[in-house]
Amino acid sequence: MPDRVSQGLRPEHPIARSLSQLVSDFELEQIGEFAPDSVTGISLTSKDILPGDLYVGLPGRNVHGASFAAAAAQSGAVAILTDSVGAGLAADSGLPVIVTQQPREALGAVSAWIYRTLDDPPTLFGVTGTNGKTSVTYILDAILSQLGIVAGFSTTAERGIGDLRITSTLTTPEATEVHALLARMREAEVRSVIIEVSAQALTRHRVDGIVFDVVGFTNLTHDHLDDYGRMEDYFEAKRALFEPDRARRGAVLVDGEWGSRLAEESRIPVATISTKPGIPADWRMTILEETVDFTRFTIEGPDHRSITTSIPILGRFMAENAALAIVMLVESGYDLEAISHVLERDGGIDAFVPGRAEKVSADAGPRVYIDYGHSPDAFQSALEALRRVTDGRVIMVFGADGDRDTTKRVDMASIAARLADVVVITDYNPRFEDPASIRSVLLDAARSARDDVELYEVPDPRLAFRKALSVAGDGDVILHAGPGHEDYQEVAGEKIPYSARDEARLALQEYGWL
Ligand SMILES: CC(=O)N[C@H]1[C@@H](OP(=O)(O)OP(=O)(O)OC[C@H]2O[C@@H](n3ccc(=O)[nH]c3=O)[C@H](O)[C@@H]2O)O[C@H](CO)[C@@H](O)[C@@H]1O[C@H](C)C(=O)N[C@@H](C)C(=O)N[C@H](CCC(=O)O)C(=O)O
Ligand SMILES: Nc1ncnc2c1ncn2[C@@H]1O[C@H](COP(=O)(O)OP(=O)(O)OP(=O)(O)O)[C@@H](O)[C@H]1O
């Protein structure tokens, strides 16, 4: 069982650097004297300050971070880095102020400087795309471990170093945390690091100061249009990862139009992968066998070099993710033969991806999967995969995120109604929205997509899952989409403890199926 820690991962033995040197190297403005003239860490959240930190006061959507300068000083901050508005707000805090007009833009380089993460960096992998980032990251981590490499990673679910795990809040941490994590990984002698990179991370400078050795792209489908407005802008945000200042080489799944465009427009060399006949690519992935327990596939690349292996997770989309991971490893310099050898030795890829098509049932009763799918494409991939390996009925339980891209709800519900036999609509993370109105949009869309769909509305997800169980029998399958690995439900600003995985197990026990 991995060790767990509750706080952000920071270097345990930070090496102090001089604040005056920082000001001079970055040509910044200094107000007040540094006492001491040293810094050991950096944070942009006053609540996370450790003694010796530089506190970064960023202007936010709700508040200017510099308003918390006095609190940061009390926690042991040695100075504040902020803009000119922040300098005014921090004037009475007692902290010396370092001024830059664009503190967010400076964050990556300054964090890298403080933690010295540009000195002798590990092999860095970055993964982006709408769906599959977390899965590819865990698969890369698994294969690296099979190759005998201790890797570190950062995903929506967890940050990890060897057996150490910390639960994530953001998909991609802020630059201050990314560089602290890299510094901590260096202490653990990690030589390969995989970072899941969201579009928001690129737009908000969270991975600045990093040049990835290899970046991978899974797909681009409808999501996050609340942030980006149009698919074109969402694509542009992701494309930024495939620029020479951010990455050296890339691997791109080109089955979809956005992947093909990315490969064409990328200004770094990219290896392309396709799973569909007729689409030209450097690597071709073919599914050999799809079962409830594993997917077996082969990928063939340049010079007819190939690898045949399997992943112990249902769904051809997981084999696509695995193909991308393997090509990323090859692009980083690993020999395909060496990868093939360890995978053959171990009987396939030894990956567990928490909350992604995760089976929680045993042999008796319906098969139950907990999944993090919360977009139309994710719903479609998971439902199609289940249909291919199920003789019985497919029952789906899901809700939609509140305060997030509302335009995807109708498509999500339509796909569920068309591809599942029974649909149970419930609450996911309503946040500050009225949960009943979210459900009502989903119910209407499901009915319009298929008027004879067996449809239920059960607000409480615990009861919704039990409703699904009550109509399920042997040979049927239940997909609970949305919560995946999460252990809370977000309602009106509160995070209420709720684990779909634990609840499903409890309910299966009540029914005598576990
Ligand atoms: C829209 C957005 O990206 N918001 C991020 C932003 O918040 P904000 O600008 O609203 O911050 P604010 O509340 O006004 O506070 C301003 C500053 O004061 C600081 N502060 C605030 C209060 C306090 O007591 N002390 C303190 O120091 C804050 O840390 C912040 O630096 O800065 C915060 C601090 O880093 C982030 O936590 C927050 O991410 C929020 C939680 C978020 O949900 N972001 C989403 C959109 C996101 O980034 N998602 C992507 C993609 C996920 C996916 O693929 O599905 C991700 O990478 O996670
Ligand atoms: N290659 C893929 N194509 C389509 N759907 C996928 C793919 N991989 C995973 N999915 C679906 O998307 C869901 C999310 O997968 P995963 O967490 O790996 O993606 P992600 O890009 O990290 O998303 P997030 O940033 O929201 O965590 C899965 O639970 C599954 O339903």
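This tour goes through the surroundings of two ligands and then a pair of helices in a predicted model.

Begin by selecting ligand 1 together with the 19 residues that surround it, where G60, R61, G65, T171 and S198 are the closest. Coloured by class, this shell separates into 6 nonpolar, 9 polar and 4 charged residues. If you then colour by domain, you will find that domain 1 (18–115) and domain 2 (123–345) each provide at least three residues of the shell around ligand 1.

Next, move to ligand 2, which has 23 residues around it, with G132, K133, T134, G373 and A378 coming nearest. The class colouring here gives 4 nonpolar, 13 polar and 6 charged residues, while the domain colouring shows at least three residues from each of domain 2 (123–345) and domain 3 (358–510). Showing the helices as ribbons, select α5 (133–146), α11 (316–331) and α13, each of which supplies at least two residues to the shell around ligand 2; the greatest contribution is that of α13, with 4 residues.

Keep α13 (residues 376–388) selected and add α14 (residues 409–419), whose axis comes within 9 Å of that of α13 and crosses it at roughly 10°. Because angles under 35 degrees count as roughly parallel, α13 and α14 are therefore roughly parallel to each other. To see the contact itself, display the side chains of P376, F379, Q380, L383, E384 and R387 on α13, and those of D411, M412, I415, A416 and L419 on α14. By class, this contact between α13 and α14 consists of 7 nonpolar, 1 polar and 3 charged residues.

Note on methods. Residues numbered from 1 in each chain as written. Chains lettered and ligands numbered in written order. Predicted model: local features only at pLDDT ≥ 70, side-chain atom pairs only at ≥ 80, totals over all residues. Axes fitted to C-alpha atoms, helices over the stretch in contact; angles between N-to-C directions. Parallel < 35°, antiparallel > 145°, perpendicular 65-115°, else oblique. Contact = placed C-beta atoms within 7 Å. Nonpolar A, V, L, I, M, F, W, Y, C, P; charged D, E, K, R; others polar. Near = placed C-beta within 6 Å. Domains from an automatic or database assignment.
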